[in-house]
Amino acid sequence: MFSIKIRLSNIIIVAGIAILSLFLLAGNASADPPPAILKINGNEQISGIGSYCWKVENETYSLCADTIGIITPAEPLLTRSPFTAHLTLLLQEPPEELGFSATRVTDDDELKEAVNDVQAWRFEGNRGNWYKLPSERELDINLSLEPGLYVLNVGAKWKDIGSVTYGFLVQVNDPEAEVTNNVSSGEKTAGFEVFLATMTLLLVIVIRRNWRK
């Protein structure tokens with residue numbers, strides 16, 4: 001009888017722990033900040049979510065997380081410079097503070113720990129210029145950047161809700177390189193004329209040699 005009571009008490013303890021864990025998991029799920037969306041040339045990208053402190057729904061406390069770097073999607077948006085990036089924040093309430101920076105990155109800045117279709121980038125201070133943006137839910141950001149791969153870092157803060165950093169990845173292509181790779185009709189015609197003249201000269205040389213023989 002004593003052993004049965006012990007087993008029953010163990011079951012009650014385990015069940016209590018399980019229920020508490022479910023409540024904690026539910027609280028964590030509701031404490032995740034929503035992502036942001038960036039649209040360039042009609043193409044959209046859902047942000048990566050970096051470090052944040054976010055108020056748990058229906059609670060008085062917040063949960064905070066620090067990431068290893070700037071978190072972005074693994075695949076960049078492609079564009080040419082200059083371009084306009086349309087930023088959308090999913091919360092209905094506009095932020096109290098909103099900032100933005102564009103930082104050029106290379107393979108050396110890539111952190112290999114990133115998985116699951118997201119990429120992490122080393123962030124040592126603010127290597128890009130930080131700009132204060134209007135505190136709006138949706139706005140256009142006009143950019144003129146040199147060709148290369150860029151991390152666009154957005155920091156947002158809402159009063160009584162929390163703060164979060166968003167990361168986007170953008171590849172700025174070089175329009176000059178694309179133009180030089182295309183041969184114009186004039187260049188094709190000139191090349192064909194040189195080829196034809198060369199072949200004619202060779203043909204004349206061969207005929208003269210055969211005539212002398």
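Strand 7, which spans residues 83-89, is mostly covered in this predicted model. Five of its seven residues are buried. The strand has partners in strand 1 and strand 12. Strand 1, residues 36-40, runs antiparallel to strand 7 and is joined to it by four bridges. In this pairing Ala-36 stands opposite Leu-89 of strand 7. Strand 12, residues 138-143, also runs antiparallel to strand 7, and here six bridges make the connection. His-86 stands opposite Asp-140 of strand 12.

These three strands reappear in the nonpolar interior. The largest nonpolar core has 28 residues, and the members that touch the most others are Leu-38, Leu-87, Leu-152 and Tyr-166. Two or more residues come from each of several elements: strand 1, strand 3, strand 7, strand 8 (97-105), strand 12, strand 13 and strand 14 (162-173). A second core, separate from this one, consists of six residues, including Val-105, Trp-121, Val-151 and Leu-169.

Tyr-166 illustrates how one residue of the largest core meets others along the chain. When neighbours within four places in sequence are set aside, Tyr-166 is in contact with Pro-34, Pro-35 and Ala-36, among others. Its contacts also include Ser-47, Gly-48 and Ile-49, together with Leu-89. The remaining partners are Leu-152, Asn-153, Val-154, Ala-156 and Trp-158. Two of these names have already appeared in the strand pairing, where Ala-36 and Leu-89 stand opposite each other.

Trp-158, a contact of Tyr-166, leads to the aromatic residues. The model contains one aromatic pair. It is formed by Trp-54 and Trp-158, whose ring centres are 5.6 Å apart and whose planes meet at 80°, an edge-to-face arrangement. The angle qualifies as edge-to-face because it exceeds the 60 degrees required for that class. The pair links distant parts of the chain, since Trp-54 belongs to strand 3 (residues 48-55) and Trp-158 to strand 13 (residues 148-158), 104 residues apart. Are the two partners buried or exposed? Trp-54 has a relative accessible area of 5% and is therefore buried, and Trp-158, at 2%, is buried as well.

Strand 3 also takes part in a covalent link. A search of the whole structure finds one disulfide, which joins Cys-53 to Cys-64 with an S to S distance of 1.9 Å. Because Cys-53 lies in strand 3 and Cys-64 in strand 4 (residues 62-65), the bond ties together parts that are eleven residues apart in sequence. The torsion about the S-S bond is about 115°, so the disulfide is right-handed. With regard to accessibility, Cys-53 counts as partly exposed at 30%, whereas Cys-64 is exposed, with a relative accessible area of 53%. Cys-53 is thus partly exposed, while Trp-54 in the same strand is buried.

The last interaction considered here involves charged side chains. Side chains of opposite charge can pair when their charged atoms come close. How many salt bridges does a search of the whole structure find? There is one, in which the side chains of Lys-39 and Glu-44 meet at 3.6 Å, N to O. Lys-39 is partly exposed, with a relative accessible area of 35%, and Glu-44 is exposed, at 52%. The latter value places Glu-44 among exposed residues because it lies over the 50% cut-off.

Conventions
Residues numbered from 1 in each chain as written. Predicted model: local features only at pLDDT ≥ 70, side-chain atom pairs only at ≥ 80, totals over all residues. Heavy atoms only, no water. Phe/Tyr/Trp six-rings, centres within 6.5 Å; stacked < 30°, edge-to-face > 60°. Buried < 20%, exposed > 50% of the residue type's maximum accessible area, 1.4 Å probe, protein only. Salt bridge = Lys/Arg side-chain N within 4 Å of Asp/Glu carboxyl O. Pairing = 2+ DSSP bridges. Disulfide = S-S within 2.5 Å. Core = buried A, V, L, I, M, F, W, Y, C linked by side-chain atoms within 4.5 Å. Contact = heavy atoms within 4.5 Å.
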